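User: I would like to work through this model feature by feature, with the general idea before each case. Could we begin with how its elements are named?

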Amino acid sequence: MRPETGGRSGPPRSGEFDSIFPSRENLPGVVSAMLQGLDQRQTVQHVCRYPLPSEETVVRVLKLISEILFPGYFGQRGFDRANLPFHIGELINTTYDLLADEIARCFVHERHRNGRADQSACYEDGRNEAFRFLQKLPALLDVLDGDVRAAYQGDPAATGYDEIIFCYPGFRAVMIHRLAHELHQQGVRWLPRIMTEYAHRITGIDIHPGAVIGRHFFIDHGTGVVIGETSAIGDNVRLYQGVTLGGYRFKTDEGGNLLRGYKRHPTIEDDVIIYSNASVLGPVTIGQGSVIGANVFLTRSLEPDTHVTIETPRYRMRQRNTQ
Amino acid sequence: MRPETGGRSGPPRSGEFDSIFPSRENLPGVVSAMLQGLDQRQTVQHVCRYPLPSEETVVRVLKLISEILFPGYFGQRGFDRANLPFHIGELINTTYDLLADEIARCFVHERHRNGRADQSACYEDGRNEAFRFLQKLPALLDVLDGDVRAAYQGDPAATGYDEIIFCYPGFRAVMIHRLAHELHQQGVRWLPRIMTEYAHRITGIDIHPGAVIGRHFFIDHGTGVVIGETSAIGDNVRLYQGVTLGGYRFKTDEGGNLLRGYKRHPTIEDDVIIYSNASVLGPVTIGQGSVIGANVFLTRSLEPDTHVTIETPRYRMRQRNTQ
Amino acid sequence: MRPETGGRSGPPRSGEFDSIFPSRENLPGVVSAMLQGLDQRQTVQHVCRYPLPSEETVVRVLKLISEILFPGYFGQRGFDRANLPFHIGELINTTYDLLADEIARCFVHERHRNGRADQSACYEDGRNEAFRFLQKLPALLDVLDGDVRAAYQGDPAATGYDEIIFCYPGFRAVMIHRLAHELHQQGVRWLPRIMTEYAHRITGIDIHPGAVIGRHFFIDHGTGVVIGETSAIGDNVRLYQGVTLGGYRFKTDEGGNLLRGYKRHPTIEDDVIIYSNASVLGPVTIGQGSVIGANVFLTRSLEPDTHVTIETPRYRMRQRNTQ
């Protein structure tokens, strides 16, 4: 499988550097071709002075916020009541600076595309939105505590609250969703989705920042869960790995282009449990207290307190002759 | 979609810094609200001098151990027989120090909650447990070699052992499980679960450290696999992506609280294959040599050498009129 | 649950260091046992002077290439037409150096195993293959633009092209696959698979570098998708989370060893949509314009323009007595 010696045409040339790096001298041609390609592309171009938001910074902001919400569990360790205020104060200030900047970048980008952006107005708005967001954190503490309790009450393998905060992916994904959802509600673009896709990457749980989720929410294991943009979930709901709350038969305009923004995902009322790998598709309503069994596939609504399981499937069983 | 200017009430105030950072001056109020919220929270509080275990360090320990087990494949490259002993010696010493400390932190935290921890006893126990753990590594070499072979024998796309060690997620998840399981057996809390949730994050494979897994084990592709706490798996077992070995109908006490610790996951005997997205739920036994087809959903036991596949499902087919 | 004090036999010895670090002095024994184990292992051994490829460097190369393909979106931010050529030039040169080295390491390893490697020939071949690869990047721009458009046209939740590039996991996995596939076609071993397993890790989407994928390809959500080595996918195909294009009943030789390299995965023709968690297994052909519904499990071919959905399953519904 020895590869052909490509990338060079004509007889070998002499020269010391040439013999050491036979194709390096041809790199400028690749650079030119690349620049030409970038210049001509049809979809996206971002060659201009203002910077776009940075995923790396967004992830850093999420880590700082988790330190603020759970001091001692994430980030620096070892506090007492005397030094905690300084630590929280420092974290909140740093988060504010980074987040304000990232939000401002989003405003600049959005307004540039719709005309001309007033940069200093964008940066002022960035600071205001970052502040509005940080003001909500204390109230989120209580909501997140409810999620921790829901995890403990829903998983017989959980040994205590600590374990849930240390490492439950379902808890992390929900925490990040709750943060992203607030920014989404404030009308900030890109950042909320970058946040939830980060959560998706580290947990396998894909929750659109637009989804509305009640209190006391728990996703166990979680890999493969998808919760679509217009889903609405009540209180005390529990989901397992592989559950999809998805769309079904997208609407298009006469030109065949997708319509966007209309309600196309399920509403899940309070006290519902949906077991592993079940799918609920379309703008249906699952009534309060219902239980949907593993692998069930539903595109219709359910009355409250309905239990749905798949019928025992008919399997082909066959006993192998033991040799 | 220009956001309202929130976070400030009353008329704009003058002042140079104010006009540059309009909401920064209000951050101390957010810090106070946050500190008050942290102080009042009901679930977890960790404002005290002793540090909790650190996920970052646990991940570093896992990386060091993989360098010890597969020198040349992970971490630093390029050894000969002369320098290998120094390298392995250094790695084992560093691992010992880091791991002893992390284990000690777990003992401190656990014993603090059950009364008062003798810190120096915790640190001594941490060193002892780290040592016990490291003593098991040479024996694990052989077990892991069996897993590498099982992967090669089970996947027609595998080109050799190297590829499996370089990048097979199933192999990584199983390696980390085997390490975590030993610590779990030693009675160390939190760390084993932090380890397996790290594996879950990078592979999509969620194996509880309590699960008992035999030799020659292979998970192909692996995303979405869940293996519950009380599962027991024999030798020469192979699983594919999306397989769940899960619980089914949790038991509760009279108060409605979950019972914990009892056997609630399957036992998979030797030489069983379970294909993609199949689920086996509850404390059932899958007999030796059985084969469970893709998408099968089982809540009952199988006799040895049973093959189960779903019946060819009845589909609604519809030929579209070709325009 | 205080652990037994293991790892030391005989009566405790005196000595200052001993009492501080009771088991540290025994670490040399662990190191010896480990070295002996490494020496005797049957599968893989890599104690020799030449270095193996490094996953870390491969990931760095992928990040550099994404900066080249989407300047301003990944990596450094803020360009104008004057500085872009320098930036792209620098990135291409760095990528060339790193990639040439990694490819060379693969050639050294491969040829060493088949006899004796001429190191300088390996390094020259590494440079040539890196150059050939880089020459393909400008053409890839156009293909990737098609993928971005396909994502926008296929997802009602997408707000624009930017969002897709910033954070759609399906787009990232496909971009990395297209890069890895080119190296795979050039006969470079290990690196392509390390690349696609990196994509798998960050997206949950597992595409073998050998799979052939047409233009305008979109995977939505994506967690759990598996696309096997010998799959062939046409233009304008769309897949959802959990879709498997997999093998079915592997062939073995008389010794029971797996046969490798033959066609064992599906061919998906142009304009096909496969919804969430559907599986298509074996070397079947799904005809142009077909639509496969969620959860469908297929091991047979489909004529063009066939729509397959599962029959409305018979569920056991049960109304709970509301307390």
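Analyst: Helices and strands are DSSP runs, at least four residues long for a helix (H or I) and at least two for a strand (E), and they are numbered from the N terminus. This is a predicted model, and within it F133(C) lies in helix α5 of chain C. In chain A the secondary structure comes to 9 helices and 15 strands.

User: Why does F133(C) count as buried, and which residues outside its sequence neighbourhood is F133(C) in contact with?

Analyst: A residue is called buried if 20 or more other C-beta atoms lie within 10 Å of its own. F133(C) counts as buried because it has 26 C-beta neighbours inside 10 Å. Once its neighbours within four places in sequence are left aside, F133(C) is in contact with L99(C), E182(C), L183(C) and Q186(C). A further distance can be read from the C-alpha atoms of F133(C) and A180(C), which are separated by 9.9 Å although the two residues stand 47 apart along the chain.

User: How should I read burial over a whole chain, and what share of the residues in chain A is buried?

Analyst: Buried residues make up 50% of the 323 residues in chain A. A companion figure concerns contacts in chain A between residues at least 6 apart in sequence, of which 43% join residues at least 24 apart.

User: What can be read from a single helix, for example α6 of chain B?

Analyst: An α-helix has 3.6 residues a turn, so residues three or four places apart point the same way. Helix α6 of chain B, residues 137-154, has 18 residues and reaches 25 Å from its first C-alpha to its last, which is close to the 26 Å expected at 1.5 Å a residue. The buried residues of α6(B) are L137(B), P138(B), L141(B), L144(B), D147(B), V148(B), A150(B), A151(B), Y152(B) and G154(B).

User: Turning to sheets, in what order do the strands of the open sheet in chain C run, and is the pairing parallel or antiparallel?

Analyst: Strands of a sheet pair through backbone hydrogen bonds, either parallel or antiparallel. In chain C an open sheet of 4 strands has the order β2-β5-β8-β11, with parallel pairing. Its edge strands are β2 (212-213) and β11 (285-286) of chain C, each of which pairs on one side only. At the β2 end, 2 bridges join β2(C) to strand β5 (residues 232-233) of chain C, and the two run parallel; within β5(C), the bridge partner of I213(C) is I233(C).

User: How are the copies of the chain related, and by what rotation is chain C superposed on chain A?

Analyst: Two copies of a chain are related by a rotation about an axis and a shift along it. Here a rotation of 120 degrees, with 0.0 Å of shift along its axis, superposes chain C on chain A at an RMSD of 0.0 Å. That is the relation of a three-fold axis. The copies use different surfaces, since 9% of the contact residues of chain C recur in chain A. Chain B, likewise, can be laid on chain C with an RMSD of 0.0 Å by a turn of 120 degrees and a shift of 0.0 Å along the axis. For that pair too the copies use different surfaces, and 8% of the contact residues of chain B recur in chain C.

User: How many residues of chain C are in contact with chain A, and which element supplies the largest share?

Analyst: 66 residues of chain C are in contact with 68 residues of chain A. The elements of chain C that each supply at least two residues to this side include α4 (84-113), α6 (137-154) and β15 (315-319), while the largest share, 9 residues, comes from α5(C). By class, the side of chain C that touches chain A has 28 nonpolar, 22 polar and 16 charged residues.

User: What does the contact between chains B and C take from each chain?

Analyst: It takes 65 residues from chain B and 67 residues from chain C. α5(B) gives the most to the side of chain B that touches chain C, with 9 residues, and the residues of that side divide into 28 nonpolar, 21 polar and 16 charged.

User: Which strands are joined by bridges between the chains?

Analyst: Between chains A and C, 5 bridges join strand β14 (residues 306-310) of chain A to β15(C), and these strands run antiparallel; the bridge partner of V308(A) in β15(C) is M317(C). Between chains B and C, 5 bridges join β15(B) to strand β14 (residues 306-310) of chain C, again antiparallel. In β14(C), M317(B) has V308(C) as its bridge partner, and Y315(B) has I310(C). β15(B) is nevertheless hardly covered, with 0 buried residues among its 5 residues.

Definitions and conventions:
Residues are numbered from 1 along each chain as its sequence is written. Chains are lettered from A and ligands numbered from 1 in the order in which they are written. This is a predicted model: local features need pLDDT of at least 70, side-chain atom pairs count only at pLDDT 80 or more; totals for chains, interfaces and linings use all residues. Copies are superposed by least squares on the C-alpha atoms of residues with pLDDT of at least 70 in both. Two residues are in contact if their C-beta atoms, placed from the backbone, lie within 7 Å. Ala, Val, Leu, Ile, Met, Phe, Trp, Tyr, Cys and Pro count as nonpolar, Asp, Glu, Lys and Arg as charged, and the others, Gly among them, as polar. Two strands pair if DSSP finds at least two bridges between them. A residue is buried if 20 or more other C-beta atoms lie within 10 Å of its own, exposed if 12 or fewer, and partly exposed in between; C-beta atoms are placed from the backbone. The expected span of a helix is 1.5 Å times one less than its number of residues.
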